[in-house]
Every structure is written in C-alpha cells, then in structure tokens.
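Me: Please take a close look at one part of this structure and describe it in a connected way. I would like the part to be placed in the whole chain as well.

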Amino acid sequence: MLVLLLACEPVAVAPVQPTPVSSETQPERGDACQRDIPDCEAACALREVHRTAHLDWFDRRCAAVVLGKNPDRIDAASTARPTPPASCDPPYMIDAEGHKKWKPECFD
C-alpha cells in the first residue's frame, strides 16, 4: 500500500473589514413611497423586488389616498363593468343545434 502525503503551506489572506451601514447611508425612497400610507409602502416594496403583478392596483389605491379619496370606492368604481341591456323577450335563445338556453341576465 502506497500512501502519499503532501504538506501545503497556508496562504495568507488579508482580513476583510466589515463596513457599517447606517440608516443615513441607505438611499431614501422617492416621493411616491409614503411610509404612513400602507398601499404606497406596498407599491414601493413591489418595485424594489421587481414584482409588477399587483403594482398598478396598489398605485391606484395610493393615489386615491393621497388625493383624499376612499380607495375602496375607487376600486369598486374602476372594476364595475356595465352590463349591456339584455333583450329578455323571450328570456331564452335557441342555439345552432336547436337547444333552448336560458339567458341568465334575465333572471337577476
């Protein structure tokens, strides 16, 4: 059995000095990031992590609060879709195969 042992000298590494980070050196958020409004804070946090899935929703709510409006009423008004007036005479339709299909908007 042959065993080969090699000895290596350790390499000197310069010690790394940690740089203290204070709140004064951290970049401040822009004007849109108002810490006292939760929706504005959420929009800024989404921007910082580059997630844009719900960004427009939080931006609309933030703008509504900044303008002094109720964000819940703004959201309800923007998402309400007008339904076209249905002709409910008759309250059904006949499809291409001759089957009767009821119009659900006639029974609301």
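Reply: A residue counts as exposed when its relative accessible area is over 50%, as buried when that area is under 20%, and as partly exposed in between. This matters for the part chosen here, the helix α1 with the loop that follows, and it should be said at the outset that the model is a predicted one.

The setting can be given briefly. The protein has three helices and two strands, and along the sequence these elements follow the pattern α-α-α-β-β. Of its 108 residues, 15% count as buried, and the accessible surface comes to about 9800 Å², with 59% of that area belonging to carbon and sulfur atoms. Among the contacts with a separation of 6 or more, 9% are accounted for by residues 24 or more positions apart.

Within this setting, helix α1 spans residues 38-48, and its buried residues are Asp-39, Cys-40, Ala-43, Cys-44 and Leu-46. Because these residues cover an arc of only 160° around the axis, they are found on the same side of α1. What they pack against is α2, the helix of residues 55-66.

The geometry of this pair can be stated in some detail: α1 and α2 pack at an angle of about 145°, and their axes are 8 Å apart, while the crossing of the two helices is left-handed. On the side of α1 the contact is made by Asp-39, Cys-40, Ala-42, Ala-43, Leu-46 and Arg-47, and on the side of α2 by Leu-55, Phe-58, Asp-59, Arg-61, Cys-62 and Val-66. Sorted by character, the residues of this contact comprise eight that are nonpolar and four that are charged, with no polar ones.

Asp-39, which is buried in α1 and takes part in the contact with α2, can also be related to Arg-60, a residue placed in helix α2. The C-alpha atoms of Arg-60 and Asp-39 are separated by 8.8 Å, although the two residues are 21 positions apart along the chain. With a relative accessible area of 34%, Arg-60 is partly exposed.

Following the chain onward, one comes to His-50, which lies in the loop between α1 and α2. Just after α1, this residue takes a positive phi of about 60°, and it does so although His-50 is not a glycine. The relative accessibility of His-50 is 71%, so the residue counts as exposed, in contrast to Asp-39, Cys-40, Ala-43, Cys-44 and Leu-46, which are the buried residues of α1.

A further backbone feature, outside the part described so far, belongs to another loop. Pro-90 is placed in the loop between α3, which covers residues 71-79, and β1, which covers residues 92-94. The peptide bond that joins Asp-89 and Pro-90 is cis, with an omega of about 10°.

How values were computed: Residues are numbered from 1 along each chain as its sequence is written. This is a predicted model: local features need pLDDT of at least 70, side-chain atom pairs count only at pLDDT 80 or more; totals for chains, interfaces and linings use all residues. Side-chain values use heavy atoms; hydrogens and water are left out. Buried means under 20% relative accessible area, exposed over 50%, partly exposed in between (1.4 Å probe, protein chains only). Helices (H or I, at least four residues) and strands (E, at least two) are DSSP runs, numbered from the N terminus. The arc is that of the directions from the helix axis to the C-beta atoms. Contact means heavy atoms within 4.5 Å. Accessible areas come from the Shrake-Rupley method with a 1.4 Å probe; for residues, only the protein chains shown count as cover. Axes are lines fitted to C-alpha atoms, for helices over the stretch in contact, and angles run from 0 to 180 degrees between N-to-C directions. A crossing is left-handed if the near helix is turned anticlockwise from the far one by less than a right angle, and right-handed if clockwise. Ala, Val, Leu, Ile, Met, Phe, Trp, Tyr, Cys and Pro count as nonpolar, Asp, Glu, Lys and Arg as charged, and the others, Gly among them, as polar.
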